[in-house]
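I opened this model to look up a few positions, two helices and a pocket, and I noted each as I went.

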Amino acid sequence: MTEITDFNEEKTLGLYIQKYGGTSVGTLDRIKSVAAHIAATYRQGHRLVVVVSAMGEQTDELLAMALKLSPNPPQREVDMLMSVGERVSMSLLSIALNDLSIPTVSFTGSQSGILTDNTFGNARINRILGDRIRRALEGNQLVIVAGFQGMSEQEKEITTLGRGGSDLTAIALTHALKADRCQIYKDVDGVYSADPRLVANARLLPAMSWDTLSFLTWYGSGVVHNRGVHLAKKFKIPLEIRSSFNLETSGTLIGSVKPVE
């Protein structure tokens, strides 16, 4: 049977958290395209915090360089290195938006007040201060945040949140800032019944529950970070999984889904 959801489809003005993955910002042309879409949303009157991943395969390239120097590099230095990728993409996207006359400022994870434990490579978020983000929003600025990273609360070390951690950054910011929407933009149109790159007749699913998505990600689906989905479920944060390449597609809504039967 068809499922129905309790999502509010009305496009009221509010605070949106948008996350763009590595392929979405993989080239300068892609960054320009994403910037144009973000600018259009901002000009509608929405306040925006945008979380970005590193460009394309830059994270893998940085790790490969480290492994060429040492088969067992110190994890602290790996985190310091890996956090660079998101800083590059956040800065370039901010430059592109400012060129479109959108008042934009970029913040690293530590500048955003994303405080974690001291587990290098797979840190867990303890809390988010977000003071600089709030002040920028109050000043009518659009904020870009580097995903995947934070700062350990006790030691003040740069930490990373694990692969796919930019999803977790966006979902955690949605909760901390009490945002109205969390939109995760990827290189697919939404969540499919199977990987569309491997299965030709995979179906785009218009909606699903947090439990269902958590089950999929636990068993290997890479569509959203598993810990991010767990956080969304815990705090009942509705998610929109959408395509940055096909912006007309409504994508998949994740939240409280009620089956008809």
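I began with Gln111 and asked which residues it touches once those up to four places away in sequence are left out. In this predicted model, Gln111 has contacts with Ser106 and Arg132. I found Gln111 in the loop between strand S4 (104-107) and strand S5 (114-116), and I put it down as partly exposed, because its relative accessibility is 32%. I also took the C-alpha to C-alpha distance from Gln111 to Leu213, which came to 31 Å for two residues 102 apart in sequence.

Next I went to Arg242, which sits in strand S12, and asked whether this residue is buried or exposed. Arg242 has a relative accessibility of 13%, and since the cut-off for buried is under 20%, I entered Arg242 as buried. From Arg242 to Asn201, 41 residues away along the chain, I read a C-alpha separation of 19 Å.

I then turned to helix H2, residues 58-69, and checked its length against what its residue count should give. At 1.5 Å a residue, the 12 residues of H2 should span 16 Å, and the C-alpha atoms at its ends are 17 Å apart, so the two values agree. Which residues of H2 are buried? I listed Thr59, Leu62 and Ala66. These residues cover an arc of only 70° around the axis, and therefore they lie on the same side of H2. Glu61 and Lys68 are exposed on the other side of H2. When I looked for what covers the buried residues of H2, I found that helix H3 (75-99) is included.

For helix H7 (226-234), I noted Arg227, Gly228, Val229, Leu231 and Ala232 as buried. The cover over the buried residues of H7 includes H5, helix H6 (210-218) and strand S12 (239-243).

Just after H7 I came to Lys236, where phi is positive, at about 55°, and I looked up two further lysines with a positive phi. Lys156 has phi near 60°, a positive value in a residue other than glycine, and belongs to the loop between strand S8 (149-152) and strand S9 (158-160). I counted Lys156 as exposed because its relative accessible area is 52%, where exposed means over 50%. Lys178, also a residue other than glycine, has a positive phi near 55° and is placed in the loop between H5 and strand S10 (181-186). With a relative accessibility of 70%, Lys178 is likewise exposed.

My last entry is on the second largest pocket, to which I assigned a volume of about 360 Å³. Which residues lie nearest its centre? Of the 14 lining residues, those nearest the centre are Ile125, Leu168, Ala172, Leu231 and Phe235; I had already entered Leu231 among the buried residues of H7. I traced the lining of this pocket back to strand S6 (125-128), helix H5 (165-176) and helix H7 (226-234), each of which supplies at least two residues. By residue class, I recorded the lining of this pocket as 7 nonpolar, 3 polar and 4 charged.

Technical notes:
Residues numbered from 1 in each chain as written. Predicted model: local features only at pLDDT ≥ 70, side-chain atom pairs only at ≥ 80, totals over all residues. Heavy atoms only, no water. 1 Å grid on protein atoms, 1.4 Å probe; cavity = no way out; pocket = protein on both sides within 12 Å on 5 of 7 lines; lining within 4 Å. Points joined across faces, edges and corners; volume = space filled by probe spheres on them. Helix = DSSP H or I, 4+ residues; strand = E, 2+ residues; numbered from the N terminus. Nonpolar A, V, L, I, M, F, W, Y, C, P; charged D, E, K, R; others polar. Expected span 1.5 Å × (residues − 1). Buried < 20%, exposed > 50% of the residue type's maximum accessible area, 1.4 Å probe, protein only. Arc of directions from axis to C-beta. Contact = heavy atoms within 4.5 Å.
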